[in-house]
Number of protein chains: 2
Amino acid sequence: MYLRHYWRRRAALRVTVDTVIFTLRERGLHVLLVRRSGEPFKGSWALPGGFVRSSESPSDAAERALGVEAGVRGVYLEQLYTFGEPKRDPRGRVLTVAYYALVSVDQALATGSHAAAASWFPVDALPQLAFDHRMIADYALERLRNKLEYTTVGFQLLPAKFTLGQLQSVYETILGRAVDKRNFRRKIELLGILTPLEERGGERGRPAQLYRFSARRFEKLKDKGILFPF
Amino acid sequence: MYLRHYWRRRAALRVTVDTVIFTLRERGLHVLLVRRSGEPFKGSWALPGGFVRSSESPSDAAERALGVEAGVRGVYLEQLYTFGEPKRDPRGRVLTVAYYALVSVDQALATGSHAAAASWFPVDALPQLAFDHRMIADYALERLRNKLEYTTVGFQLLPAKFTLGQLQSVYETILGRAVDKRNFRRKIELLGILTPLEERGGERGRPAQLYRFSARRFEKLKDKGILFPF
DNA sequence: ACAAAAGTGTTAGAATTACACCCATGG
DNA sequence: CCATGGGTGTAATTCTAACACTTTTGT
């Protein structure tokens, strides 16, 4: 009994982090996957991640893994859920703290070239994934869709300067439906979280006004309970 | 280098679960706290919880701790967040998967009598808590308030049979503001998730119609994206 | 000149809010 | 009879959704 108690207090598990990294590309929302170089699931596609070291917090570990495995730094990162079914990892007892990250189009370019073993997949055509990573990816997508409707996470997928057309297309792509251009612009205008720049941009057609996101104003809205209306 | 790699792969952390248990009592929303019987923070109030054993999932561990420390079983339990700052526990590296639970008035009665070292505190008058438990409790309250507005978690705080007055008071208590009785009833009616019973109840005044929550109908609403309008 | 995206108001319908009185019961 | 909570409708306002044409640029 004493021994058992002693053992229980010292019960130690291994803990990993795994991150679902989203970006937008031509054909919609994509997720970054890496090929596993070691057993188990050697050669399978998996979410980038790794073990949490005893000197770092899980979010530090996620950021480190993002840098090493995916070549991205300073991106939007949010904890998703902790998966801990006893049999989820054939190596033994491994619990994973899952995160999701959003990288903008320009950040995603760096990513692709960094790791040869990493590759972007459309969210609606993921390959077979190692461990329970498919469940994690599905859950992350659900969370992203939900959060898009009442927060400003969408801006994380755009470069610092963007047009209203680009912003609208972020929403349409992730939500999977068209939104009315005039209604969309009116609502954004009303929120007052965009600052117009002295600059125009756009690749085809008439050059569009460029904006930047004004997080400061958004914080005030949040405090008043005014949320995103999409 | 080899040694270091070996060590890193085996890096093992201790993992606990901690649960913020909410209930409604006369003077509003309360949280169940227990007095710590061992070091560190011996004698301090803390959230009920314990170490995750290597054979169980974190949610199993949370349920077990709920039974042992608080005397409750079969309650609503939802994962909140995983806290893992390296210095959050003076014993060394301990990560905690935090949960929150909702217990109805009748379930809460059993709870009080079970553990002498457990006691309910109003959410707006918590004592000093061990570890980072204050942060966890604050976060749980925020999450509960948010979820109340777009899910049916509120029903978890009521007994199986309840009156519309009781339901309204759940919303008013947690949201901290009064809501219009007629508008409230109309919206609930519109959702169609309550089934009236052949029974009346209530403690004072005119006896009220009793209802039960019909989860089946709610699931259909969720699928259509129709959410709670409070 | 045409293809491509930018930009811009109005109106009908739906949803939300505000508001006050009578009813049934227990003590 | 009075205290307590139950039960009910309507009108004003706000929000949401539907809808089409002109402008600016590159090719």
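These notebook entries record what I looked up on helix packing and DNA contacts in a predicted model.

**Entry 1: α4 and α5 of chain A**

I began with helix α4 of chain A, residues 133-148, and its packing on α5(A). The two pack at an angle of about 135°, and their axes are 10 Å apart. Angles from 65 to 115 degrees count as roughly perpendicular and those over 145 as roughly antiparallel; α4(A) and α5(A) are therefore oblique to each other. I noted the crossing of α4(A) past α5(A) as left-handed. On the α4(A) side I listed A:Leu144, A:Arg145 and A:Leu148, which meet A:Tyr171, A:Ile174 and A:Leu175 of α5(A). By class, this contact has 5 nonpolar residues, no polar ones and 1 charged.

**Entry 2: α5 and α6 of chain A**

I then followed α5(A), residues 164-175, to its contact with α6(A), residues 181-191. Here the angle is about 105° and the axes lie 11 Å apart. The pair is therefore roughly perpendicular. From α5(A), I recorded A:Leu164, A:Gly165, A:Leu167, A:Gln168 and A:Tyr171; from α6(A), their partners are A:Lys181, A:Phe184, A:Arg185 and A:Ile188. I counted the classes of this contact as 5 nonpolar, 2 polar and 2 charged. A:Tyr171 thus appears in the contact with α6(A) and also in the contact with α4(A).

**Entry 3: α4 and α5 of chain B**

I looked up the corresponding helices in chain B, α4 (residues 133-148) and α5 (residues 164-175). They pack at about 135°, with 10 Å between their axes. That angle makes α4(B) oblique to α5(B). Their crossing is left-handed. The contact is formed by B:Leu144, B:Arg145 and B:Leu148 from α4(B) with B:Tyr171, B:Ile174 and B:Leu175 from α5(B). Its residues comprise 5 nonpolar, no polar and 1 charged.

**Entry 4: DNA strand C**

Which residues are closest to DNA strand C? I found 20 residues around this strand, the closest being A:Lys181, A:Arg204, A:Gln209, B:Arg206 and B:Pro207. Of the strand C atoms that come within 4 Å of the protein, 34% are accounted for by sugar and phosphate. I noted two contacts to phosphate oxygens of the strand: a side-chain N or O atom of A:Arg204 at 2.9 Å, and a polar backbone atom of A:Gln209 at 2.9 Å. For the bases, I recorded a side-chain N or O atom of B:Arg186 at 3.5 Å from a base nitrogen. α6 and β10 (208-213) of chain A and α6 of chain B each give two or more residues to this surface. The surface near strand C has 3 nonpolar, 5 polar and 12 charged residues.

**Entry 5: DNA strand D**

I closed with DNA strand D, which is surrounded by 21 residues. The closest are A:Arg206, B:Lys181, B:Arg204, B:Gly205 and B:Arg206. Sugar or phosphate holds 35% of the strand D atoms within 4 Å of the protein, and the rest belong to bases. What lies 3.0 Å from a base nitrogen of strand D? I found a polar side-chain atom of A:Asn183 there. On the phosphate side, an N or O atom in the side chain of B:Arg204 is 2.8 Å from a phosphate oxygen, and a polar backbone atom of B:Gln209 is 2.9 Å from a phosphate oxygen. At least two residues of the surface come from each of α6 of chain A, α6 (181-191) of chain B and β10 (208-213) of chain B. I recorded the classes near strand D as 3 nonpolar, 6 polar and 12 charged.

Definitions and conventions:
Residues are numbered from 1 along each chain as its sequence is written. Chains are lettered from A and ligands numbered from 1 in the order in which they are written. This is a predicted model: local features need pLDDT of at least 70, side-chain atom pairs count only at pLDDT 80 or more; totals for chains, interfaces and linings use all residues. Side-chain values use heavy atoms; hydrogens and water are left out. Axes are lines fitted to C-alpha atoms, for helices over the stretch in contact, and angles run from 0 to 180 degrees between N-to-C directions. Helices (H or I, at least four residues) and strands (E, at least two) are DSSP runs, numbered from the N terminus. Angles under 35 degrees count as roughly parallel, over 145 as roughly antiparallel, 65 to 115 as roughly perpendicular and the rest as oblique. Contact means heavy atoms within 4.5 Å. Ala, Val, Leu, Ile, Met, Phe, Trp, Tyr, Cys and Pro count as nonpolar, Asp, Glu, Lys and Arg as charged, and the others, Gly among them, as polar. A residue is near a molecule or strand if one of its heavy atoms lies within 4 Å of it. A polar contact is a pair of N or O atoms within 3.5 Å; within protein, one must be able to donate a hydrogen and the other to accept it, and residues adjacent in sequence count only if both atoms are side-chain atoms. A crossing is left-handed if the near helix is turned anticlockwise from the far one by less than a right angle, and right-handed if clockwise.
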